[in-house]
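Here are some worked exercises to try with the viewer open. Have a go at each task before reading its solution.

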Amino acid sequence: MSSVPVSRSAPLPAPLVPDAPLTALAPMQDVTDLAFMGVIAHYGAPDYFFTEFFRVHAQSRPEKHILRSIDENRTGRPVFAQLIGEDIPHLVRTARELLCHPVAGIDLNMGCPAPKVYKKNVGGGLLRDPEKVDEILGALRDASPGLFTVKMRIGFDTTVHFERILDLLNKHSVDLLSLHGRTVKEGYRSDVHYDFIARAVERVKCPVLANGNLTSAATAVRVQGETKAAGVMIGRHAIRNPWIFRQCRERFSGQPVSAVTLSDVREYVERLYRATQQPGLAEVYHVNKMKKYLNFVGQGVDATGAFLHEMRRTETERQLFEICDRHLLAEPGRIFADEPYPGVIARPNCETPSADADGCSLESITA
Ligand SMILES: Cc1cc2nc3c(=O)[nH]c(=O)nc-3n(C[C@H](O)[C@H](O)[C@H](O)COP(=O)(O)O)c2cc1C
């Protein structure tokens, strides 16, 4: 594979289209597992995948189900392994363990906004403490002979340390920055400060992936142009629209963007259902897991939220697919909305991450 040159000796893996802006699927706990990565790749893989975070502490061992998304990755695209933690010897130990697997690089999470996480000074909590960031970046840089990347937000509750942390990324020759343009305290639903992403692009030596509310290929391409980021990272809107990476590539190259119909969405729901089925997982639990993905899909189905309303009340596979057929196959050729319908919220009863949530799970996140 040829490669994109960066400031250090280690090059980033080549994108699917030479010289085109990069695309990445954002890491999402309980979402970006082996099954979901396979489904996304079916509709048009991004250039890069990132695992959901491996939790690091004194007793931790890399979680087996997350390791599967590395060891059994058949997408043909590289996957970076993400760590979350603050204990330096154990971060280094875990990075070394993960480097025995076919990872594209080691990625550090400095963005998770779950209170249980940041109270422990890990994830987004680290953004309050540049000295600690300096130490962790130095240690992980030394432990990573290949690519070492960072995913972060623009600050904790203010952006007071923003420039300082960007300078630390330069000091430790970080190879790629994925930047979610909100503070930790801004959660998932405020406006995104794309101007801060543009500032990061100017200040850091490594490529930057712009992240946060890139709701469609059109939005992603616009934000990439405005910020001059090296590429885009997309999370929730790839759950809603798994065609989004292919559509981004089409837009980046000036081609017409392929339309998605409601019958395509029906096929996606079926594929996702089959891919995420696990032996021994009771139907009701599987249906509940599907409902978490469909919360996002439903934002593009109808402007009234009727699909979401009915879908949330299902308990069996049969009920779930009946609702899908009714909403998605009545007019199968109708175009699936590019952008989410305004006011159709993925989880209306859960507007903010709960204080009990100890990660970024689908339970606690809205869009
Ligand atoms: C369900 C869910 C789980 C997430 N888990 C992680 C994670 O494990 N690591 C991480 O760095 N960010 C995580 N995030 C944040 C996303 O990677 C991304 O930064 C955020 O959703 C904003 O991008 P979007 O608007 O494209 O979704 C998670 C977000 C969601 C919605």
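**Exercise 1: the domain interface**

Work out how many residues meet where the two domains touch, and what sort they are.

*Solution.* Nine residues of domain 1 are in contact with 10 residues of domain 2, where contact is C-beta atoms, placed from the backbone, within 7 Å. Before going on, note that this is a predicted model: local features need pLDDT of at least 70, side-chain atom pairs count only at pLDDT 80 or more, and totals for chains, interfaces and linings use all residues. Residues are numbered from 1 along each chain as its sequence is written.

- Step 1, bounds: domain 1 covers 16-252 and domain 2 covers 262-335, with bounds from an automatic or database domain assignment.
- Step 2, spacing: the C-alpha centres of domain 1 and domain 2 are 28 Å apart.
- Step 3, elements: on the side of domain 1 that touches domain 2, two or more residues come from each of α1 (34-44) and α9 (236-240). Helices here are DSSP runs of H or I with at least four residues, strands are E runs of at least two, and both are numbered from the N terminus.
- Step 4, top contributor: α1 gives the most to that side, with four residues.
- Step 5, chemistry: the side of domain 1 that touches domain 2 has four nonpolar, three polar and two charged residues. Ala, Val, Leu, Ile, Met, Phe, Trp, Tyr, Cys and Pro count as nonpolar, Asp, Glu, Lys and Arg as charged, and the others, Gly among them, as polar.

**Exercise 2: the nonpolar core**

Find the residues of the largest nonpolar core that touch the most other members, then follow Leu 209 outwards.

*Solution.* First, the term: a nonpolar core is a set of buried Ala, Val, Leu, Ile, Met, Phe, Trp, Tyr and Cys residues joined through C-beta atoms within 7 Å. Buried means 20 or more other C-beta atoms within 10 Å of a residue's own, exposed means 12 or fewer, and partly exposed is in between, with C-beta atoms placed from the backbone.

- Step 1: the largest core has 108 residues, and Leu 177, Val 208, Leu 209 and Val 232 touch the most other members.
- Step 2: helix α12 (residues 283-297) gives the most to this core, with six residues.
- Step 3: at least three core residues come from each of domain 1 (16-252) and domain 2 (262-335).
- Step 4: beyond its neighbours within four places in sequence, Leu 209 has contacts including Leu 22, Ala 24, Leu 176, Ala 229 and Val 232.

**Exercise 3: strand β9 and its partners**

Trace the pairing on either side of β9, and say why β9 is largely enclosed.

*Solution.* Start with burial: eight of the eight residues of β9 (residues 176-183) are buried, so the strand is largely enclosed by the rest of the structure.

- Step 1: β8 (residues 147-155) runs parallel to β9, joined by six bridges; pairing takes at least two DSSP bridges.
- Step 2: Gly 155 of β8 has Thr 183 in β9 as its bridge partner.
- Step 3: the chain gets from β8 to β9 through helix α6 (residues 162-171), in a right-handed β-α-β crossover. Right-handed means that, with the strands pointing away from the viewer, the path from the first strand over the helix to the second runs clockwise.
- Step 4: on to β10 (residues 208-211), which is parallel to β9 and joined to it by four bridges; here His 180 is partnered with Asn 211.
- Step 5: the route from β9 to β10 goes through helix α7 (residues 194-203), and this β-α-β crossover is right-handed.

**Exercise 4: burial and backbone checks**

Is Gly 155 buried or exposed, and which way does Glu 163 go, buried or exposed?

*Solution.*

- Step 1: Gly 155 is buried because it has 21 C-beta neighbours inside 10 Å.
- Step 2: Glu 163, in helix α6, has 12 such neighbours, so it counts as exposed.
- Step 3: now try two loop residues. Asp 30, between β3 and α1, isn't a glycine but has a positive phi of about 65°, and is partly exposed with 17 other C-beta atoms within 10 Å.
- Step 4: Asn 213, between β10 and α8 (217-227), is not a glycine either and has a positive phi of about 55°. With 22 C-beta neighbours inside 10 Å, Asn 213 is buried.

Definitions and conventions:
Two residues are in contact if their C-beta atoms, placed from the backbone, lie within 7 Å.
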